[in-house]
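Thanks for coming. I have one chain to go through today, so please pull it up on your screens.

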Amino acid sequence: MNTGTIETPESLGGALGHARPVVLLIPSDADLQLIVRLSASGFAACAGLDVEQVDDLMTAVAESFHYMISQIHSADLVRIEFARTPSVSVSLYLDGAPRCHVGGYRGDAECVKYVLETLVDDVSVDVKDGSISRIALAKNASAL
């Protein structure tokens with residue numbers, strides 16, 4: 001009986017050690033948040049984060065996606081870039097055609113930053129024309 005093997009970042013030769021960023025371009029649709037969560041957790045796991053760190057980063061990325069698409073002034077797409085820099089970094093950008101979200105909220109960048117800082121080690125929030133245009137997250141791991 002073949003038991004198989006599990007590929008770990010080490011057995012892959014550090015595949016994410018100096019790799020180019022992984023980019024996800026996704027429609028601004030709350031129903032697609034599961035794809036965002038799975039992409040974030042998969043990248044973080046391959047980068048060597050432990051289970052708690054993966055969960056923190058996954059939650060921060062999902063919350064960032066939600067903040068960006070729920071604003072009054074948003075865009076029809078969100079570009080998400082995952083990178084291993086020595087830390088694991090994720091940047092979310094509004095992309096595509098502008099859209100107005102009726103019933104959306106006016107992004108409070110300081111509040112968003114404060115919430116995300118409870119989950120990751122570094123947060124940067126950029127505001128353009130009164131809306132959050134970019135959120136950058138970084139998660140350090142003691143074993144990285």
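What pattern does the chain follow when read along the sequence? The order is β-α-α-β-β-α-β-β. In total that gives 3 helices and 5 strands. Keep in mind that this is a predicted model.

Let me begin with the sheet. The 5 strands make an open sheet, ordered E1-E2-E3-E5-E4, with antiparallel pairing. At the edges sit strand E1, residues 22-27, and strand E4, residues 122-128, each of which pairs on one side only. From one strand to the next, the twist averages 15°. As a general reminder, strands in a sheet pair through backbone hydrogen bonds, in either a parallel or an antiparallel arrangement.

Now one pairing in detail. Strand E3, residues 88-100, and strand E5, residues 131-139, run antiparallel and are joined by 6 bridges. For an example you can click on, take Val88: its bridge partner in E5 is Lys139.

Next, the helices on the sheet. Helix H3, residues 109-117, packs on the sheet and touches E4 and E5. The direction of H3 makes about 160° with that of E4. Helix H2, residues 51-69, lies across E1, E2, E3 and E5. Relative to E5, H2 runs at about 175°.

I picked out one residue for a closer look, Ser74, which lies in strand E2. Is Ser74 buried or exposed? Its relative accessibility is 7%, and the cut-off for buried is under 20%, so Ser74 counts as buried. What does the side chain of Ser74 have for polar company? One of its polar atoms lies 3.0 Å from the backbone oxygen of Met68. Setting aside neighbours within four places in sequence, Ser74 is in contact with Ser28, Met68, Ile69, Leu94, Pro98 and Arg99. Of these contacts, Leu94, Pro98 and Arg99 have numbers that fall in the range of strand E3, while Met68 and Ile69 fall in that of helix H2.

On side chains elsewhere, Arg79 lies over the face of Tyr93, 4.3 Å from the ring centre. Arg79 falls within the residue range of strand E2, and Tyr93 within that of strand E3. For aromatic pairs, the count in this chain is 1.

Finally, two figures for the chain as a whole. Of its 144 residues, 38% are buried. Among contacts with a separation of 6 or more, 63% are between residues 24 or more positions apart.

That is what I have; the floor is open.

Conventions:
Residues numbered from 1 in each chain as written. Predicted model: local features only at pLDDT ≥ 70, side-chain atom pairs only at ≥ 80, totals over all residues. Heavy atoms only, no water. Pairing = 2+ DSSP bridges. Helix = DSSP H or I, 4+ residues; strand = E, 2+ residues; numbered from the N terminus. Axes fitted to C-alpha atoms, helices over the stretch in contact; angles between N-to-C directions. Contact = heavy atoms within 4.5 Å. Buried < 20%, exposed > 50% of the residue type's maximum accessible area, 1.4 Å probe, protein only. Polar contact = N/O pair within 3.5 Å; in protein donor to acceptor, adjacent residues only side chain to side chain. Phe/Tyr/Trp six-rings, centres within 6.5 Å; stacked < 30°, edge-to-face > 60°. Lys NZ or Arg CZ within 6 Å of the ring centre and 35° of its normal.
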